[in-house]
Structure formats: C-alpha cells, structure tokens
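Okay, thanks for squeezing me in today. I'd like to walk you through one structure, starting with the whole chain and then going down to a few residues. Let me put it up on the screen.

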Amino acid sequence: MTSSLTTDPETIETVPSNYMGFVGVTTASSSIMKVFPLWADILGLPTRTLIGHDLPMDADPAQYRAMVEQIRDDPHHRGALVTTHKMNVYAAASDLFDELDPFAVSCAEISSISKRGALLSGRAKDPITVDLALNDFLPADHFARTGAEVVILGAGGSGTALSWALAERADAPARVTVTARSQDKLDHLREVHRQHGTRDGLIDYIVTATPDEADAVVAAAPLGSVIANATGLGKDRPGSPLTDAVVFPEGAYAWEFNYRGSLEFLHQAHAQETARSLHVVDGWRYFIHGWSQVVADVFELDLTPETVERLAEAAESVR
C-alpha cells in the first residue's frame with residue numbers, strides 16, 4: 001500500500017491536524033484531489049487535506065486490514081471514501097468495524113469509513129448515490145411509460161448498488177439483467193437480493209464469458225433501455241465489456257459509471273449516439289454524489305439539494 005499526502009498547493013500542511021482519506025488504485029489522478037479543498041471551504045470542514053491510499057487491484061487481505069487499522073488508530077485521520085476496493089475491504093476487514101449499516105452487511109461492501117468517537121463505522125453509500133445519479137438524467141416515469149429495461153454490465157460493488165436501487169425504485173423496470181464473466185459474482189448478487197427480499201423475476205443473472213456474449217445481451221434489450229458499464233473497465237483497467245460491433249438499443253441511455261480513464265465504453269456509445277439516438281452519460285454526477293455523501297458521513301453533515309448543486313458547480317470549475 002502506498003499513501004500519498006495530498007494538499008492544496010496554497011495551503012501546505014506538513015503535519016495536518018486533520019485529514020480525510022481516499023482508498024483507491026490511482027488516487028492521485030482523481031479530480032477529487034483538486035475538488036476537495038474547494039468543497040472544504042464551502043462546507044466549512046476542519047481540513048482541506050486529502051490523503052490517497054493506493055492499493056493494487058490484486059491486494060491481499062492483510063493489506064486491506066493494515067489500511068483499515070491505520071485509519072482507525074490515527075487520531076488525525078477522520079475517515080475515508082473507498083472506491084474500487086469496496087467489496088474487498090468488507091471481505092478482509094469487516095470484523096475491525098464497531099458498526100456496519102444494513103447496506104454494508106447486505107451488499108457485503110464498505111464505501112465509507114468514518115469515526116464516531118471511539119467507534120469505527122462502515123457504510124455502503126452506493127445504493128443511495130447511484131439512485132441520485134440515475135435520477136439526474138432519467139425521467140421519473142421512464143420505465144412505466146416506455147417499457148424499457150436495464151442491463152447492468154458487472155456484478156461488483158457498483159452493479160450491486162444499481163440493482164438494489166432499481167429494486168427499490170417507485171418506477172421500477174420490468175426486468176433488470178446483470179452480467180458478469182463468472183458465476184460466483186452472480187451467485188453472490190443473487191443471495192444479496194434474496195436476503196433483501198427483492199421480488200422474484202425482476203433480475204436475470206447472466207454469465208457473459210466474452211464481450212461478444214455481452215454484446216448479444218445489450219442488443220436484445222428493448223428500446224430506451226439503460227445500459228450501464230459497472231465493470232470498472234475503462235478506468236482501473238483499459239477496455240470495455242463490449243466489442244466495437246455492439247448495437248445499442250434505439251434511444252438507449254448508455255451510462256458509463258466512470259468519468260476518467262480510457263473510457264472505451266463511453267467512446268463506443270458516442271460512436272452510435274446519432275445513428276441510434278442514444279443518451280450518453282458519463283460518471284461525473286455519480287462521482288459528485290458519491291463523494292458528497294461520504295464527505296457528509298465522515299464529517300457528520302446534512303446536505304441539502306441546494307448544497308449539493310453548489311458542490312457540483314465548484315467541482316465543474318476544475319474538471
């Protein structure tokens with residue numbers, strides 16, 4: 001694990017009295033490193049300092065435990081957002097937390113690490129943040145009005161969160177198809193929904209061992225369907241879950257969960273944007289909601305929609 005102390009260049013704090021953490025793979029290249037000081041000023045946070053905790057994609061459990069223990073034992077560390085490693089942190093270190101919210105337990109992931117006095121808390125904010133991001137671009141009555149469905153490419157933390165949010169949505173789609181390259185991730189997701197009480201028949205779990213197989217699932221979706229890349233491909237690793245020959249449904253919402261990286265899925269969607277009348281959405285608003293929700297959790301804040309928009313405007317200025 002590598003930790004990089006990141007500060008606003010105009011406010012050099014060699015030994016900061018407080019700071020927040022960011023657990024990821026390549027944290028230094030994230031826009032949040034420029035955004036966080038601006039948000040700190042808007043929200044009146046006690047620090048403008050963000051520390052990146054970089055872990056490799058194939059980190060072993062001991063590395064996750066050491067990272068959680070570092071956050072727990074450092075009195076100056078206020079907490080952290082966890083991105084790519086959400087499910088691995090839960091699997092390796094959930095026993096180190098004094099309290100876990102129901103989302104964290106049900107989805108077996110931790111995206112927010114915070115402290116409440118001597119208590120270390122773990123929460124899964126993604127089901128909330130993914131719903132907020134979805135509502136930013138999708139009409140509230142879209143599924144009831146059109147009969148569209150959802151294809152979620154990827155059954156990891158983000159894919160699990162989106163399927164959970166869709167199951168809770170008032171305007172729920174008739175069907176949600178989740179794909180993964182291996183059966184074990186789909187089995188885990190199926191168990192999450194069984195425990196949650198998701199209605200039978202809502203979710204189809206399909207193994208797509210190759211991008212060609214994923215192409216076929218996407219092409220079979222009805223008009224206006226939401227096609228979401230929740231695999232992480234195009235950010236932490238180059239590539240797309242689809243081939244360039246994929247045919248998106250007419251009028252589909254092609255949602256790339258990432259906003260930085262090689263973004264192959266996003267480029268594939270843009271290539272068909274005009275011909276297929278696509279609505280192409282990147283992960284910027286998901287990024288805004290994800291970070292603002294965790295910052296609020298770490299620093300015990302209540303965010304109004306108006307405040308979130310102020311944060312979004314500030315972030316846009318350094319995008």
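So, the surface to begin with: the accessible surface of the protein chain comes to about 13200 Å², and 51% of that belongs to carbon and sulfur atoms. Before I go on, keep in mind that this is a predicted model.

Now the overall build. We've got 12 helices and 13 strands in the protein chain. The radius of gyration is 19 Å, close to the 20 Å the globule rule gives for 319 residues, so the chain is as compact as a globular protein of that length. If you lay the C-alpha trace along its principal axes, you get spans of about 55 × 40 × 35 Å.

How much of it is buried? Of the 319 residues, 57% count as buried. And if you take the contacts with a separation of 6 or more, 75% of them come from residues 24 or more positions apart.

On to charge. There are 25 positive and 44 negative side chains in the protein chain. Where do the two sets sit relative to each other? Their centres lie 1 Å apart.

As a reminder, side chains of opposite charge can pair when their charged atoms come close. In this structure we have 16 salt bridges, and I've picked three to show you.

Pick number one is Arg 116 with Glu 300, a salt bridge at 3.8 Å, N to O. Arg 116 is in strand 6, residues 112-116, while Glu 300 is in the loop between helix 11 (284-298) and helix 12 (305-316), so this pair ties together parts that are 184 residues apart in sequence. As for the surroundings, Arg 116 is partly exposed, with a relative accessible area of 22%, whereas Glu 300 is exposed at 55%. What else is linked up here? Arg 116 and Glu 300 belong to a network of salt bridges that also takes in Glu 99, Arg 123 and Asp 297.

Next up, Glu 191 and Arg 194. Their side chains meet in a salt bridge at 2.6 Å, N to O. Both are in helix 8, residues 183-196, and because they are 3 residues apart there, about one helical turn separates them. Glu 191 counts as partly exposed, at 31% relative accessibility, and Arg 194 is exposed, at 57%.

My last pick is Glu 250 with Arg 276, at 3.6 Å, N to O. Glu 250 sits in the loop between strand 11 (226-229) and strand 12 (253-256), and Arg 276 in the loop between helix 10 (264-271) and strand 13 (279-281), so here the pair ties together parts 26 residues apart in sequence. Glu 250 is partly exposed, with a relative accessible area of 31%, and Arg 276 is partly exposed too, at 25%.

Okay, away from the salt bridges. Let me zoom in on His 142, which lies in helix 6, residues 142-146. Is His 142 buried or exposed? With a relative accessibility of 4%, His 142 counts as buried, because the cut-off for buried is under 20%. Which residues does it touch, leaving aside neighbours within four places in sequence? His 142 is in contact with Gly 147, Ala 148, Asp 171, Gly 224 and Tyr 253.

Ala 312 is another one to look at. You'll find it in helix 12, and at 9% relative accessibility Ala 312 counts as buried. Not counting residues up to four places away, Ala 312 touches Arg 285 and Ile 288. Arg 285 is 27 residues away along the chain, and the C-alpha atoms of Ala 312 and Arg 285 are separated by 8.0 Å.

One last thing, on backbone angles. Most residues other than glycine have a negative phi. Which way does Ala 108 go, positive or negative? Its phi is near 55 degrees, so to speak on the positive side. Ala 108 is in the loop between helix 4 (102-107) and strand 6, and at 13% relative accessibility Ala 108 counts as buried.

And Glu 300 comes back here: its phi is near 55 degrees as well, a positive value in a residue other than glycine. Glu 300, remember, is exposed, with a relative accessible area of 55%.

That's my tour, and I'm happy to spin the model around for anyone.

How values were computed
Residues are numbered from 1 along each chain as its sequence is written. This is a predicted model: local features need pLDDT of at least 70, side-chain atom pairs count only at pLDDT 80 or more; totals for chains, interfaces and linings use all residues. Side-chain values use heavy atoms; hydrogens and water are left out. Helices (H or I, at least four residues) and strands (E, at least two) are DSSP runs, numbered from the N terminus. The radius of gyration is taken over C-alpha atoms; the globule rule is 2.2 Å times the number of residues to the power 0.38. Buried means under 20% relative accessible area, exposed over 50%, partly exposed in between (1.4 Å probe, protein chains only). Contact means heavy atoms within 4.5 Å. Accessible areas come from the Shrake-Rupley method with a 1.4 Å probe; for residues, only the protein chains shown count as cover. Lys and Arg count as positive and Asp and Glu as negative; His and the chain ends are not counted. The place of a charge is taken as NZ of Lys, CZ of Arg, CG of Asp or CD of Glu. A salt bridge is a side-chain nitrogen of Lys or Arg within 4 Å of a carboxyl oxygen of Asp or Glu.
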